[in-house]
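The exercises below ask you to read burial, strand pairing and pocket lining from a structure. Work each one through before turning to its solution.

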Amino acid sequence: MENDICTERMEKTIVSFKETLNGIRTGRASAAIFDKVRVNYYGAKSPLSQVATVSIPEARLIVIQPFDKSLISEIEKGIEAADLGLNPSNDGKVIRISIPPLTADRRKDLVKQIKGIAENSRTAIRNIRRDGNEDLKKQQKTGTLTEDALKAAETDLQKLTDKYIGEINKIYDVKEKEIMEG
């Protein structure tokens with residue numbers, strides 16, 4: 001039972017890691033960088049995806065087509081408030097955002113940033129393993145788990161930990177490559 005809880009928590013860590021990396025701009029146009037953008041829509045903060053269509057006609061161009069043209073200025077404000085380092089421009093119908101190429105220094109900074117995020121995620125996985133091991137030891141002390149069963153469960157938990165840390169490393173490597181190639 002304990003491994004199910006640990007697996008679930010480790011899965012959530014991976015999902016969170018991926019979502020965090022999606023929000024990091026890589027020099028290529030990506031709709032995912034707008035996931036956290038909120039637009040003031042009749043007094044309520046709505047996700048950009050609910051008030052407009054985001055398309056990528058070219059590698060370095062994003063076009064945002066609002067469902068309601070009166071929202072153009074609110075969408076621009078939302079993008080600026082999200083602090084993505086992008087400069088939206090509009091023609092009254094659509095918003096165009098040109099993605100500037102990343103400088104070598106900016107690429108290095110981004111890689112350093114994602115390396116830190118990856119390490120935090122690995123630490124979170126290890127903390128889940130520690131919590132699982134502590135729980136297993138408590139079960140052994142209360143007599144619900146034998147010494148052999150404890151060792152087997154700890155081994156399984158370590159395999160689970162290694163699997164998820166490996167997954168974080170793979171995701172990190174792909175993102176690092178994406179940033180460096182830009």
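**Exercise 1.** Is Lys-175 buried or exposed, and what is its relative accessible area?

*Solution.* The model is a predicted one, in which local features need pLDDT of at least 70 and side-chain atom pairs count only at pLDDT 80 or more, while totals for chains, interfaces and linings use all residues. Residues are numbered from 1 along each chain as its sequence is written, and side-chain values use heavy atoms, with hydrogens and water left out.

Begin with the classes: buried means under 20% relative accessible area, exposed over 50%, and partly exposed in between, with a 1.4 Å probe and protein chains only. Lys-175 has a relative accessible area of 8% and is therefore buried. Next, place Lys-175 in helix α4, residues 147-181, where helices (H or I, at least four residues) and strands (E, at least two) are DSSP runs numbered from the N terminus. Finally, list the contacts, meaning heavy atoms within 4.5 Å: once neighbours within four places in sequence are left aside, Lys-175 touches Leu-21, Asn-22, Ile-24, Thr-26 and Ile-114.

**Exercise 2.** Describe the surroundings of Thr-161 and of Lys-151 in turn.

*Solution.* Thr-161 lies in helix α4, and with a relative accessibility of 1% Thr-161 counts as buried. Leaving aside neighbours within four places in sequence, the contacts of Thr-161 are Met-10, Ile-125 and Arg-129. Lys-151 is also placed in helix α4, but Lys-151 is partly exposed, at a relative accessible area of 47%. As a last step, consider Val-51, which is 100 residues from Lys-151 along the chain; the C-alpha atoms of the two are separated by 54 Å.

**Exercise 3.** Which residues of helix α2 are buried, and which strands do they pack against?

*Solution.* Helix α2 comprises residues 72-81, and its buried residues are Ile-72, Ile-75, Glu-76, Gly-78 and Ile-79. These residues cover an arc of only 160° around the axis, the arc being that of the directions from the helix axis to the C-beta atoms, so they sit on the same side of α2. On the other side of α2, Glu-80 and Ala-81 are exposed. The buried residues pack against β1 (38-41), β3 (52-58), β4 (61-66), β5 (88-90) and β6 (95-98). Just after α2, Asp-83 takes a positive phi of about 55°.

**Exercise 4.** Work out how β1, β2, β3, β4 and β6 are paired.

*Solution.* Two strands pair if DSSP finds at least two bridges between them. β1 and β2 (residues 44-47) pair in the antiparallel sense over four bridges, and Ala-44 in β2 is the bridge partner of Tyr-41. The hairpin of β1 and β2 has two residues between the strands. Tyr-42, in the loop between β1 and β2, has a positive phi of about 50° although it is not a glycine, and Tyr-42 is exposed, with a relative accessible area of 66%.

β3 and β4 likewise form a hairpin with two residues between them, pairing in the antiparallel sense over five bridges. Within this pair, Val-54 stands opposite Ile-64 in β4, and Ala-52 stands opposite Pro-66 in β4. β4 also pairs with β6, in the antiparallel sense over four bridges, and the bridge partner of Val-63 is Arg-96 in β6. Five of the six residues of β4 are buried, so β4 is largely enclosed by the rest of the structure.

**Exercise 5.** Compare the expected span of helix α3 with the distance between its end C-alpha atoms.

*Solution.* The expected span of a helix is 1.5 Å times one less than its number of residues. For the 38 residues of α3 (residues 104-141) this should be 56 Å, and the end C-alpha atoms are 56 Å apart, which agrees. After α3 comes Gly-143, whose phi is positive, near 90°.
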